[in-house]
Amino acid sequence: MNRSSAISLKHNLFSFQKQTQLAKRATKSCDVFLNHRGIDTKRTIVSLLYDHLSRLNLRPFLDNRTMRPGDKLFDKIDSAIRGCKVGVAVFSPRYCDSYFCLHELALIMESNKKVIPIFCDIKPSQLRVVDNGQCPPEKLQSFRLAIQEARNTVGLTYNSSKGNMADVVTTAADIVINSLRETEN
């Protein structure tokens, strides 16, 4: 075997091992589910938190980073929520306008996961589920119960006009790590 063939073989083997590791990692359930209103927080606090948690070798779930074309939306999200150990709910001014956000939060709460709320530019008392006539009454009730439970959970607050996003991301990651340790004990 000549030198270039050996290098090529070594490169292909390394590439295969990396793909295998990624595939194994992708099939494992996530550690942390990041629940958020994408239009408000995905490009800021949520992406930074996802990256920070990933660098700490945790497995966060963030829809646009974790899901692939062909994935069934509710199946993948619901499965990730049921498999996660901790949920981080990033509340924002338009959070309660989203059926998806409320569905995810309700499932996290119903699954008895530990939830770490981050109130981003909103106070807990401002969270309200509004009946727009498009939700069945039983869903509205589960959404309202989930919001009420979140309001009564100690969380982090972040004011984007005054706060330091790096501080809230670091603090949230520390809380997630401690929560994961608690769930493992």
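Here are a few short exercises on this predicted model, each with a worked solution.

**Exercise 1. Work out how many helices and strands the protein has, and how they follow one another.**

Solution. Start with the tally: the protein has 7 helices and 5 strands. Now walk along the chain from the N terminus, and you'll read α-β-α-β-α-α-β-α-β-α-β-α.

**Exercise 2. Find the order of the strands in the sheet and say which ones sit at the edges.**

Solution. Step one: put the 5 strands side by side, which gives β2-β1-β3-β4-β5, an open sheet with parallel pairing. As a reminder, strands of a sheet pair through backbone hydrogen bonds, either parallel or antiparallel. Step two: look for strands that pair on one side only, and you land on β2 (60-61) and β5 (156-158). Step three: check the β5 end, where β4 (residues 114-120) runs parallel to β5 with 3 bridges between them. In that pair, Phe-119 faces Thr-157 of β5.

**Exercise 3. Which strands does helix α5 touch, and what angle does its direction make with that of β1?**

Solution. First locate α5, at residues 99-110, packed on the sheet. Then list its strand contacts: β1 (32-36), β3 (86-91) and β4. Finally, compare directions: α5 and β1 make an angle of about 145°.

**Exercise 4. Describe the burial, surface and contacts of the whole protein.**

Solution. Take burial to mean under 20% relative accessible area; then 38% of the 185 residues are buried. Next comes the accessible surface, about 11,100 Å², with 51% belonging to carbon and sulfur atoms. Last, take the contacts with a separation of 6 or more: 77% of them link residues 24 or more positions apart.

Terms used
Residues numbered from 1 in each chain as written. Predicted model: local features only at pLDDT ≥ 70, side-chain atom pairs only at ≥ 80, totals over all residues. Heavy atoms only, no water. Helix = DSSP H or I, 4+ residues; strand = E, 2+ residues; numbered from the N terminus. Buried < 20%, exposed > 50% of the residue type's maximum accessible area, 1.4 Å probe, protein only. Contact = heavy atoms within 4.5 Å. Areas by Shrake-Rupley, 256 points an atom, 1.4 Å probe, with all protein chains shown as cover. Pairing = 2+ DSSP bridges. Axes fitted to C-alpha atoms, helices over the stretch in contact; angles between N-to-C directions.
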